[in-house]
Amino acid sequence: MLDGIDFEPVFFAPFVSSVMTVDSGWADHNGHLHAAFYSLLFDRAVDEAVFLVGLGPHMVESRSASFFTVEAHQRFQRELRAGQEVRATLRLINYDDKRMHLFQELHHAREGWTASTYEQIAQHVEAGTRRVVPFPDEVLERLALMKAAHGALPVPEGLGRPVNMPIRLS
């Protein structure tokens, strides 16, 4: 059994986070959620999801290992305001022995509309040296189960989308 987990997880497709509330202190000068806090909400959802595969704070303590985001692309589609409740969905798009490719969507918890998407590559590291290292075998086994569940979903809209602004000559 993995450290911190005393049950065999079921991987729903996609993973759905707990309900999170947009804090009133997170609003920017426009009155909506500041861009940095969208990332915080996505990070909290990742923490919930990867706990099921055996990653999280317990890995830092017990194995001196963690995972770091090394690339990300975020899209903002609709404003969020203080007090609104949200949930994030997460899909494991792919993985290898050292990396995970994740795609998330942040949804209004009651109405279901999408506020933002977040695509990221995270890699497994040794906490002390910050060197990239392979996932433990039991984590790879759980990643395979999660990927099998999430692989049955259609490709999410926006996956792999480049950051691009066409040049207009005027």
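**Pocket lining, helix H1 and selected residues**

Strand E3 supplies the largest share of the lining of the largest pocket, with 4 residues. The model examined here is predicted. In this model, the largest pocket holds about 170 Å³ of space. Its lining is made up of 13 residues. Asp43, Val46, Asp47, Ser66 and Phe67 lie nearest the centre of the pocket. Four elements each give two or more residues to this lining. Two are helices, H1 (35-51) and H2 (57-63). The other two are strands, E3 (65-76) and E6 (114-126). Sorted by class, the lining has 6 nonpolar residues, 5 polar residues and 2 charged residues. Space of this kind is found with a probe: rolling one the size of a water molecule over the atoms shows where empty space is left.

Helix H1 was examined next. H1 has 17 residues. From its first C-alpha to its last, H1 reaches 25 Å. This is close to the 24 Å expected at 1.5 Å a residue. The buried residues of H1 are Tyr38, Leu41, Phe42, Ala45, Val46, Ala49 and Val50. These residues lie on the same side of H1, because they cover an arc of only 160 degrees around the axis. The general geometry of a helix helps to read this pattern. An α-helix has 3.6 residues a turn, so residues three or four places apart point the same way. Val46 links the two descriptions: Val46 is among the buried residues of H1, and Val46 is also one of the residues nearest the centre of the largest pocket.

Two residues of strand E5 were then considered. Strand E5 covers residues 99-108 and contains His107. His107 has a relative accessibility of 15%, and therefore counts as buried, the limit being under 20%. A polar atom of the His107 side chain lies 3.3 Å from the backbone oxygen of Gly112. Gln104 also lies in strand E5. The relative accessible area of Gln104 is 0%, so Gln104 is buried. The side chain of Gln104 is joined to that of Gln120 by a polar contact of 3.4 Å.

The last residue considered was Glu141. Glu141 is found in helix H3, which spans residues 137-150. With a relative accessible area of 54%, Glu141 is exposed, since the term applies over 50%. Along the chain, Glu141 and Trp113 are 28 residues apart. In space, 33 Å separates the C-alpha atoms of Glu141 and Trp113.

How values were computed. Residues numbered from 1 in each chain as written. Predicted model: local features only at pLDDT ≥ 70, side-chain atom pairs only at ≥ 80, totals over all residues. Heavy atoms only, no water. 1 Å grid on protein atoms, 1.4 Å probe; cavity = no way out; pocket = protein on both sides within 12 Å on 5 of 7 lines; lining within 4 Å. Points joined across faces, edges and corners; volume = space filled by probe spheres on them. Nonpolar A, V, L, I, M, F, W, Y, C, P; charged D, E, K, R; others polar. Expected span 1.5 Å × (residues − 1). Buried < 20%, exposed > 50% of the residue type's maximum accessible area, 1.4 Å probe, protein only. Arc of directions from axis to C-beta. Polar contact = N/O pair within 3.5 Å; in protein donor to acceptor, adjacent residues only side chain to side chain.
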